[in-house]
Amino acid sequence: MEDFTEHQVLNELMVRRREELAELTRRGINAYPYFFERTAFSADIIAEFREDQPQSTVAVAGRILSLRRMGKASFCHIEDSRGRIQIYLKRDDLGERYEAFKLMDIGDIIGVHGYVFRTKTGEVSVHAQQLELLTKSLRPMPIPKEKTDEQGNKIVYDPFSDKELRYRQRYVDLIVNPDVRRVFVKRARIISAIRAFLDGQGFLEVETPILQPQYGGAFARPFVTHHNALDIDLYLRIADELYLKRLIVGGFDGVYEISKDFRNEGMDKSHNPEFTMLEVYVAYRDYIWMMEMVEEMIAGVARALNGSAVVGIGGQKIDFTPPWRRISMFDAIKEQTGLSLRGMDVAELRGAATGLHVDVAPTDGGGKIIDEIFSEKVEHLLIQPTFITDYPVEMSPLAKRHRSEAGLVERFEAICNGHELCNAFSELNDPLDQRSRFEEQMQARARGEEEIQPLDEDFLRALEYGMPPTAGLGIGIDRLTMLLAGQESIRDVIFFPQMKPER
């Protein structure tokens with residue numbers, strides 16, 4: 001019954017707004033004009049107001065978020081992209097437009113020409129001399145109510161707080177929750193800071209195909225589509241790696257791409273099937289050099305965003321100041337479990353996983369088992385930025401073999417706040433070793449490991465022409481934004497996260 005009543009009231013409010021629209025139209029007022037010349041923003045007006053200077057004339061525009069109607073005068077607050085400001089409206093100044101104002105609602109977008117003054121209560125406001133309706137809102141908004149207690153604390157009542165509704169109707173979320181808008185402004189600044197850093201290193205930003213005849217560069221299941229004209233299946237890319245390495249073969253010294261990647265996987269607080277990835281490849285460098293570059297870049301981005309390399313999230317203070325801790329994967333597992341997995345065969349690793357109560361599939365090879373143990377027993381405990389280095393070779397088919405330890409590759413992952421932040425290699429450039437690795441992967445794929453990439457003959461052909469020693473890096477932009485913007489779910493840093501369809 002409650003759902004019916006709520007739906008019924010909503011319909012009544014929507015009907016009333018349509019009636020107001022009809023009346024405004026009857027009075028000759030266009031509720032959806034084409035243009036408004038705005039000259040100032042709310043935050044700037046308030047910041048620049050001076051009591052000892054002549055009243056300035058401004059043109060402001062924004063959405064009505066509060067209304068206080070009286071007989072001959074009224075107040076409202078409008079919000080623009082930079083904040084809120086109060087508007088004072090007087091019948092004697094506005095005439096018929098003041099009467100039309102009675103047909104306007106919270107959620108409507110208005111434009112006002114007027115002069116800036118301070119009210120008797122001390123609030124910087126705009127005294128409206130002209131009023132224009134710019135957009136009539138036909139659907140009522142869930143406006144939070146605010147109250148300040150005796151201690152000066154702001155208390156918010158009835159906020160638009162249902163997570164699923166906020167993600168589905170992000171446009172409403174952005175209207176009523178200004179903090180959400182600020183998160184996405186931070187996201188844009190993070191990407192700008194990364195670009196500025198990489199451009200400053202002399203690297204070239206490039207674009208590679210999203211639709212690929214063969215996917216690769218990661219362990220993941222792809223999304224499949226069909227190209228009608230060519231009558232072939234294509235895959236949404238799961239990574240940019242193999243195409244970017246082709247560009248290093250082609251003679252570029254450093255390339256990077258900030259791209260959308262797609263993986264047909266589950267969703268949780270740190271995974272969305274569509275996500276943003278930065279990949280960087282630099283010729284004549286190795287993973288040790290790349291660690292130093294990552295430290296410098298992330299600390300610099302944090303400072304550019306927050307003024308400090310220390311950020312807070314979930315009650316934790318995370319310090320990105322270099323140098324970050326470095327520890328091998330095997331040593332990290334031993335540190336947390338007491339077990340040394342070095343030299344164990346698959347049967348012994350399976351027994352170790354059982355003893356640690358880590359579930360592994362019957363088809364999992366040694367590398368996959370080690371990865372599961374690390375994920376379950378170590379990763380979530382790494383809060384401060386930490387480089388986990390030197391992975392088993394079977395876990396990293398695209399990484400160069402370790403220069404001093406047999407059975408390992410030169411790879412690191414940066415783990416922070418319990419999640420992988422980036423992944424990097426000394427890239428494998430030996431075409432014969434790469435072919436052998438791919439063939440071993442094909443055997444695992446035949447055993448049922450679905451996430452293994454297929455063998456890419458064209459990529460092997462590129463390596464046969466010769467790729468110089470290369471360092472490669474991948475950073476999840478969404479996870480980096482979570483850290484630097486203090487958000488605990490990936491859905492809070494993606495404008496439109498993937499959702500189940502509405503019923």
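In this predicted model, five charged residues, R16, E20, D105, D108 and K136, hang together in a network of salt bridges. One link in that network is the pair D108 and K136, whose closest N and O atoms sit 3.0 Å apart. The two partners come from distant parts of the chain, 28 residues apart: D108 is in the loop between α4 (96-101) and β4 (109-118), while K136 is in the loop between β5 (124-135) and β6 (145-148). Both D108 and K136 are buried.

The strands next to those loops are worth a look too. β4 and β5 run antiparallel and are joined by 10 bridges, with V112 standing opposite L131 of β5. Together β4 and β5 make a hairpin that leaves five residues between the strands, and G122, in the turn, has a positive phi of about 95°. β5 has another partner in strand β3 (residues 83-90). Here the pairing is parallel and runs over three bridges; I87, for instance, has V126 in β5 as its bridge partner.

Back to charges: the count of salt bridges comes to 40, and two further pairs show how burial can be split between partners. R401 meets D433 with the closest N and O atoms 3.0 Å apart. R401 lies in the loop between β17 (386-392) and β18 (408-416) and D433 in helix α13 (residues 431-446), so this salt bridge ties together parts that are 32 residues apart in sequence. R401 has a relative accessibility of 39%, so it counts as partly exposed. D433, on the other hand, has a relative accessible area of 13% and is therefore buried, given that the cut-off for burial is under 20%.

The pair R326 and E295 also forms a salt bridge, this time with the closest N and O atoms 3.9 Å apart; the distance criterion is within 4 Å. R326 belongs to strand β16 (residues 325-328) and E295 to helix α9 (residues 287-306), and the pair links these distant parts of the chain across 31 residues. The R326 side is partly exposed, at a relative accessible area of 36%. E295 has 5% relative accessibility, so it counts as buried.

Not every buried charge has a partner of this kind. E379, found in the loop between α12 (366-377) and β17, is buried yet makes no salt bridge. The nearest side chain of opposite charge belongs to R479, and it is 6.0 Å away; a salt bridge needs the nitrogen and oxygen within 4 Å, so E379 and R479 do not qualify. What E379 does touch, leaving aside residues up to four places away in sequence, is F374, I415, G418, H419 and E420.

On the surface, Y171, F495 and F496 make a nonpolar patch of about 360 Å². One of its members, F495, lies in the segment after α15 (477-485). F495 has a relative accessible area of 38%, and so is partly exposed. That value also explains why F495 can belong to a patch, because patch residues need over 30% relative accessible area.

Technical notes: Residues are numbered from 1 along each chain as its sequence is written. This is a predicted model: local features need pLDDT of at least 70, side-chain atom pairs count only at pLDDT 80 or more; totals for chains, interfaces and linings use all residues. Side-chain values use heavy atoms; hydrogens and water are left out. Patches are made of residues with over 30% relative accessible area and no salt bridge: like charges are joined within 9 Å, nonpolar side chains (Val, Leu, Ile, Met, Phe, Trp, Tyr) within 5 Å. Accessible areas come from the Shrake-Rupley method with a 1.4 Å probe; for residues, only the protein chains shown count as cover. Helices (H or I, at least four residues) and strands (E, at least two) are DSSP runs, numbered from the N terminus. Buried means under 20% relative accessible area, exposed over 50%, partly exposed in between (1.4 Å probe, protein chains only). Lys and Arg count as positive and Asp and Glu as negative; His and the chain ends are not counted. Contact means heavy atoms within 4.5 Å. Two strands pair if DSSP finds at least two bridges between them.
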